[in-house]
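Reader: I am new to protein structures and would like to learn how to read one. Could you walk me through it?

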Amino acid sequence: MSFVCRRGHHSISDDFCDVCGAKNRDVRQSFNSIPHPVGPSVHPCPVCSTPRDAAGRYCLNCGYDFITGERFGPIIPEPSEIEEAPPARVAWGRRPMSSPPGEAPPQTAPPPRAARPRQPIPSSRLVVVVSVDPTRTDGGGESERWPDPSGHVFNLDGSSMMIGRADAPGLQIPIRGDPYVSRQHAELVELGGRWGVRDLGSTNGTRLNGAPLVGTEVKPIEAGDVIEIGYFSRLTILSAQL
């Protein structure tokens, strides 16, 4: 009977390989039941101290070659004999370790806060209140009264607002009853968040806080300023909080 050892050698012996001395695992025998001759001719294996068989060349336990003195390395076990490592245990629901008494808990960085949308800051809008200078109502003609008091208040809106006599088309701020106001007398223009006023070549000119405007220059205006046109017409600039 012959067998093939785990290293691939073909052996005639049934129990151990003739080439490398590997043990035949198919042979089930107890080494303790094998009688070992006692005497000076029996030498133990220098590797595993197993008594040598008097007629055997190789150690019955580790395959040591008593003739050549060759020591074989450990025999690699078959894949079926390799034990798989158990899967790592996962601790579910474990509470974090508390700090020792007397020590402050570790500081953790707070989560970043979501940026809030910036609320628009209330801005101050300007309005124009058209009125009549009471000190100049006599001698300048009969002024027309406004039937609705709210009709002579105008919000400054858009890019420009034209001021002129009420009978002219395309006006945003019409002036009534003042014959000295030109059809297109002055203009209020938007200046990047601010407002200004300029004369449009009127016959009798435009005054800002008592000072006449020269040519087509634009003078900035703000709440509290007074624009005078014609004979008795006044435009007072006021602020209206939104």
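Author: We will go from the overall fold to single residues. Please keep in mind that this is a predicted model.

Reader: Let's start with the fold. How many helices and strands does the protein have?

Author: The protein has zero helices and 13 strands. Read from the N terminus, the elements run β-β-β-β-β-β-β-β-β-β-β-β-β.

Reader: And what share of the residues is buried?

Author: Of the 242 residues in the protein, 29% are buried. The protein exposes about 17000 Å², and carbon and sulfur atoms supply 53% of that area.

Reader: Now the aromatic rings. How many aromatic pairs does a search of the whole structure find?

Author: The search finds two aromatic pairs. In one of them, the ring centres of Tyr180 and Tyr231 are 5.5 Å apart, and the planes meet at 35 degrees, so the pair is tilted. Planes under 30 degrees apart would count as stacked and those over 60 as edge-to-face.

Reader: Where in the chain do these two tyrosines sit?

Author: Tyr180 is in the loop between β6 (173–175) and β7 (186–190), while Tyr231 is in the loop between β12 (226–229) and β13 (233–241). The two are 51 residues apart, and their pair links distant parts of the chain. Tyr231 also forms an edge-to-face pair with Phe232, at 6.2 Å centre to centre and 90 degrees between the planes. Ring pairs thus link Tyr180, Tyr231 and Phe232 into a cluster.

Reader: Is Phe232 buried or exposed?

Author: Phe232 counts as buried because its relative accessibility is 1%, and the cut-off for buried is under 20%. Its two cluster partners are partly exposed: Tyr180 has a relative accessible area of 37% and Tyr231 has one of 22%.

Reader: Next, charges. How many salt bridges are there?

Author: The count comes to four salt bridges. One of them joins Arg165 and Asp167, with the closest N and O atoms 3.2 Å apart. Asp167 also meets Arg183 in a salt bridge of 3.8 Å, N to O. That second pair links distant parts of the chain, with Asp167 in the loop between β5 (160–165) and β6, and Arg183 in the loop between β6 and β7, 16 residues apart. Together, Arg165, Asp167 and Arg183 are linked in a network of salt bridges.

Reader: Which strands hold Arg207 and Glu228?

Author: The side chains of Arg207 and Glu228 meet in a salt bridge of 3.8 Å, N to O. Arg207 lies in strand β9 and Glu228 in strand β12, so this pair ties together parts that are 21 residues apart in sequence.

Reader: What is the nearest side chain of opposite charge to Asp133?

Author: It is Arg234, 4.2 Å away; Asp133 is buried yet has no salt bridge. The cut-off for a salt bridge is within 4 Å. Asp133 is found in the loop between β3 (124–132) and β4 (153–155). Its side chain makes a polar contact of 2.8 Å with the side chain of Thr135. Leaving out residues up to four places away in sequence, Asp133 touches Glu228, Phe232 and Arg234.

Reader: One last topic, the backbone. What is the phi of Asn209?

Author: Here is the general idea: most residues other than glycine have a negative phi. Asn209 is not a glycine, yet its phi is positive, about 55 degrees. Asn209 is in the loop between β9 (206–208) and β10 (211–212), and at 48% relative accessibility it counts as partly exposed.

Key: Residues are numbered from 1 along each chain as its sequence is written. This is a predicted model: local features need pLDDT of at least 70, side-chain atom pairs count only at pLDDT 80 or more; totals for chains, interfaces and linings use all residues. Side-chain values use heavy atoms; hydrogens and water are left out. Helices (H or I, at least four residues) and strands (E, at least two) are DSSP runs, numbered from the N terminus. Buried means under 20% relative accessible area, exposed over 50%, partly exposed in between (1.4 Å probe, protein chains only). Accessible areas come from the Shrake-Rupley method with a 1.4 Å probe; for residues, only the protein chains shown count as cover. Rings of Phe, Tyr and Trp (its six-membered ring) pair if their centres lie within 6.5 Å; planes under 30 degrees apart count as stacked, over 60 as edge-to-face and the rest as tilted. Lys and Arg count as positive and Asp and Glu as negative; His and the chain ends are not counted. A polar contact is a pair of N or O atoms within 3.5 Å; within protein, one must be able to donate a hydrogen and the other to accept it, and residues adjacent in sequence count only if both atoms are side-chain atoms. Contact means heavy atoms within 4.5 Å.
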